[in-house]
Amino acid sequence: MNEPLVHRHWAALAAPKVAPVIGTSTVLILGRIWNANGAEHSAGNAALMVVLAAGAATAGAFAAAGHSGGDGVLAGTAFATSGALALAGVAGYADGWSLPILLWAVATAVAYGIAARYWRTDRRDAVAYERQTTVRREEHGHVEHVEALRAGAQIEAARTGAAYAEQLATALITRSTLPGYDPQAITRTGLPELPAVDITKEH
């Protein structure tokens with residue numbers, strides 16, 4: 001049994017590695033665009049982003065502390081949204097680049113720290129899957145080898161029996177041409193039996 005081989009494109013392999021920095025950079029750029037369009041020093045806009053970020057963080061906390069151990073994916077999404085809103089609020093409100101860049105660097109580092117945990121889990125799962133696939137291949141190979149030996153033994157036994165029957169028929173024909181041939185003697189004594197072959201001992 002052959003396992004299908006899947007070759008992923010290099011872009012599909014690189015996408016998860018660059019996703020965190022692309023996400024935080026996108027938020028920073030949008031925040032600065034918002035800043036250039038009137039959000040700088042706007043208390044109303046800043047208050048809105050604070051409320052939205054706090055709401056997302058609260059939702060993440062409730063999701064993490066929910067029943068049955070909480071929903072990790074939902075909690076992570078809520079906290080990521082909260083961080084993105086906070087970064088966008090600072091980038092939109094601040095009048096310079098220093099604080100937005102600092103928060104962008106921190107947010108990117110935190111995003112990579114969280115993503116690294118999931119990458120390690122995925123890597124362990126991939127290694128375990130490869131080991132299971134190798135074991136399955138070895139088991140299938142062993143079964144196929146045993147079946148091939150069994151089939152070879154059966155073919156060899158059939159060949160031996162056919163050769164023996166042919167030799168016996170030739171001997172009977174030759175015997176019938178000799179003087180003093182008595183066919184009743186063969187009937188009384190019986191034909192010799194074909195040799196028994198134990199197929200299970202062949203493998």
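**Exercise 1. The largest pocket**

Which helices each supply at least two residues of the lining of the largest pocket? Describe the volume and the composition of this pocket as well.

*Solution.* The structure is a predicted model, and the pocket is read from its atoms.

Step 1. The helices that each contribute at least two lining residues are α1 (10-39), α3 (72-93) and α4 (98-177).

Step 2. The space in the largest pocket comes to about 810 Å³, and among the 26 residues that line the largest pocket, those closest to its centre are Gly76, Phe79, Ala80, Ala111 and Ile114.

Step 3. Sorted by residue class, the lining of the largest pocket consists of 19 nonpolar residues, six polar residues and one charged residue.

**Exercise 2. Aromatic rings and the charges over them**

Classify the aromatic pair found in the whole structure, and then identify the charged side chains that lie over the face of a Trp ring.

*Solution.* Step 1. A pair of aromatic rings is described by the distance of the centres and the angle of the planes.

Step 2. The search of the whole structure returns one aromatic pair, formed by Tyr112 and Trp119, with ring centres 6.1 Å apart and planes at 65°. Because planes over 60 degrees apart count as edge-to-face, the pair of Tyr112 and Trp119 is edge-to-face.

Step 3. Tyr112 has a relative accessible area of 29%, and is therefore partly exposed, since that class lies between the limits of 20% and 50%.

Step 4. Lys17 lies over the face of Trp119, at 4.1 Å from the ring centre, while Arg32 lies over the face of Trp97, at 4.7 Å from the ring centre.

**Exercise 3. Salt bridges**

How many salt bridges does the structure hold, and where do the partners of each lie?

*Solution.* Step 1. Side chains of opposite charge can pair when their charged atoms come close. The structure holds two salt bridges.

Step 2. One salt bridge joins Arg150 to Glu147, with the closest N and O atoms 3.9 Å apart, and these two residues both belong to helix α4, where they are three residues apart, about one turn of the helix.

Step 3. Another salt bridge joins Arg159 to Glu156, again with 3.9 Å between the closest N and O atoms; Arg159 and Glu156 are three residues apart in helix α4, so about one helical turn separates them.

Step 4. For the bridge of Arg150, the relative accessible area of Arg150 is 29%, which makes this residue partly exposed, and Glu147, at 43% relative accessibility, is likewise partly exposed. For the bridge of Arg159, Arg159 counts as exposed at 56% relative accessibility, whereas Glu156 counts as partly exposed at 43%.

How values were computed:
Residues numbered from 1 in each chain as written. Predicted model: local features only at pLDDT ≥ 70, side-chain atom pairs only at ≥ 80, totals over all residues. Heavy atoms only, no water. 1 Å grid on protein atoms, 1.4 Å probe; cavity = no way out; pocket = protein on both sides within 12 Å on 5 of 7 lines; lining within 4 Å. Points joined across faces, edges and corners; volume = space filled by probe spheres on them. Helix = DSSP H or I, 4+ residues; strand = E, 2+ residues; numbered from the N terminus. Nonpolar A, V, L, I, M, F, W, Y, C, P; charged D, E, K, R; others polar. Phe/Tyr/Trp six-rings, centres within 6.5 Å; stacked < 30°, edge-to-face > 60°. Buried < 20%, exposed > 50% of the residue type's maximum accessible area, 1.4 Å probe, protein only. Lys NZ or Arg CZ within 6 Å of the ring centre and 35° of its normal. Salt bridge = Lys/Arg side-chain N within 4 Å of Asp/Glu carboxyl O.
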